[in-house]
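Today I am opening my notebook on the empty spaces of a protein model. Pockets come first, then cavities.

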Amino acid sequence: MSEVERRMALVATRHYLDGLSRIEIADELGISRFAVARLLEQARERGIVRFEISSPEDLDLGLSAQLREAFQLRHAIVVHAPSGADETLKQRLGAAAARLLEEVIVPGEVLGLAAGRTLRQMVMAFKTLPPVDVVQLEGVAAGLQESGVELVRTAARVTGGRPYALLSPLLTRSAETAALLRDEPAARETFARFPDVTTAVVGVGSWNPEDSQVSMLAGQLGIRESLLAAGVRADLGAVMLDIDGRVVENAVGQSIGIDAEGLRNVPHVFAVAGGPLKFVAVRAALRSGLIHSLACDASTAQALLADASRNATHRRSDS
């Protein structure tokens with residue numbers, strides 16, 4: 001190694017391993033900070049310094065970047081899972097979503113949580129969160145373990161904040177019943193916290209093909225077919241969307257939870273969804289303009305990117 005290369009190695013060691021700034025190295029060696037910058041650049045060019053970026057095997061950083069750019073998202077996370085491994089996918093999506101929230105949430109925020117199996121995996125994967133209150137964003141659509149009641153209580157134990165639960169069902173047969181349930185004192189207390197939510201985490205349900213606990217609840221109540229006829233193809237909890245992401249007004253009165261206007265006022269809405277049946281629903285969620293960040297599986301991401309590319313090509317040909 002030549003004297004110049006030894007100087008490069010020394011500067012690189014002091015900067016990358018010892019954590020000294022360029023100015024500190026310049027003072028130590030009696031050279032300018034511009035000379036330090038040049039030595040660091042040459043060290044990279046000659047292979048004296050080599051960087052290796054390591055990411056978890058289940059994360060696809062390339063697809064994540066493409067998805068974020070294509071849909072102008074604040075954050076995008078794409079995970080891989082073996083074909084047909086539904087539970088593995090939910091675990092990986094949940095864990096990735098948990099890590100993102102642990103990075104971006106700051107003390108004093110108010111965290112809003114929807115429900116579902118993937119979001120349950122996310123809450124179970126929480127390791128540490130700053131002190132924030134946790135608000136249930138929708139009524140109950142599924143069993144106890146996946147319900148928002150259980151999730152907000154579990155999350156609040158991690159944050160040390162106060163949980164605000166919503167014990168009502170997510171859907172009712174009539175708008176009159178829904179109005180009565182919203183007027184219950186406990187429900188009013190939770191609804192009153194919706195404007196304070198700064199980060200909301202929601203699932204995305206698919207109605208046709210069906211992969212939604214909200215859709216299944218609608219079936220049990222005997223109102224699914226009427227909602228499908230009204231155009232519902234996706235849900236963000238209590239918010240029902242058509243295939244183009246427009247809110248289906250017919251469903252608004254029968255649902256109990258944060259509405260589209262409430263979601264629109266949340267500074268950061270993070271959607272977490274994956275699986276072979278979710279493409280149309282996730283596309284509708286993106287088209288709605290209600291979500292700012294997305295975690296999904298690789299197959300859904302690829303389908304979304306291909307669809308966006310086709311639409312861009314059609315727009316260019318039409319012009």
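How does the lining of the largest pocket divide by class into nonpolar, polar and charged residues? I looked it up in this predicted model and found seven nonpolar, five polar and two charged residues.

**Entry 1, largest pocket.** I noted a volume of about 260 Å³. There are 14 lining residues, and Ala81, Pro82, Ser83, Leu89 and Asp297 lie nearest the centre of this pocket. I then checked the elements: α5 (86-104) and α14 (298-318) are those that give two or more residues to this lining.

**Entry 2, second largest pocket.** Here I read about 200 Å³ of space. The lining includes Leu59, Arg68, His75, Ile77, Arg99 and Glu103. I see α4 (61-70), β1 (75-79) and α5 each supplying at least two residues. By class, I have seven nonpolar, two polar and three charged residues in this lining.

**Entry 3, cavities.** With a cut-off of 30 Å³ or more, I count two cavities. The largest holds about 310 Å³ of space. Its lining has 22 residues, with Ala115, Gly116, Gly203, Val204 and Lys278 nearest the centre. Two or more residues come from each of α6 (117-125) and α10 (213-221), and α6 has the largest share, three residues. I sorted this lining into eight nonpolar, eight polar and six charged residues.

**Entry 4, second largest cavity.** I wrote down a volume of about 30 Å³. Among the residues that line this cavity are Ala114, Leu137, Glu138, Gly237 and Ile258. The classes here are seven nonpolar, one polar and one charged.

Terms used. Residues numbered from 1 in each chain as written. Predicted model: local features only at pLDDT ≥ 70, side-chain atom pairs only at ≥ 80, totals over all residues. Heavy atoms only, no water. 1 Å grid on protein atoms, 1.4 Å probe; cavity = no way out; pocket = protein on both sides within 12 Å on 5 of 7 lines; lining within 4 Å. Points joined across faces, edges and corners; volume = space filled by probe spheres on them. Helix = DSSP H or I, 4+ residues; strand = E, 2+ residues; numbered from the N terminus. Nonpolar A, V, L, I, M, F, W, Y, C, P; charged D, E, K, R; others polar.
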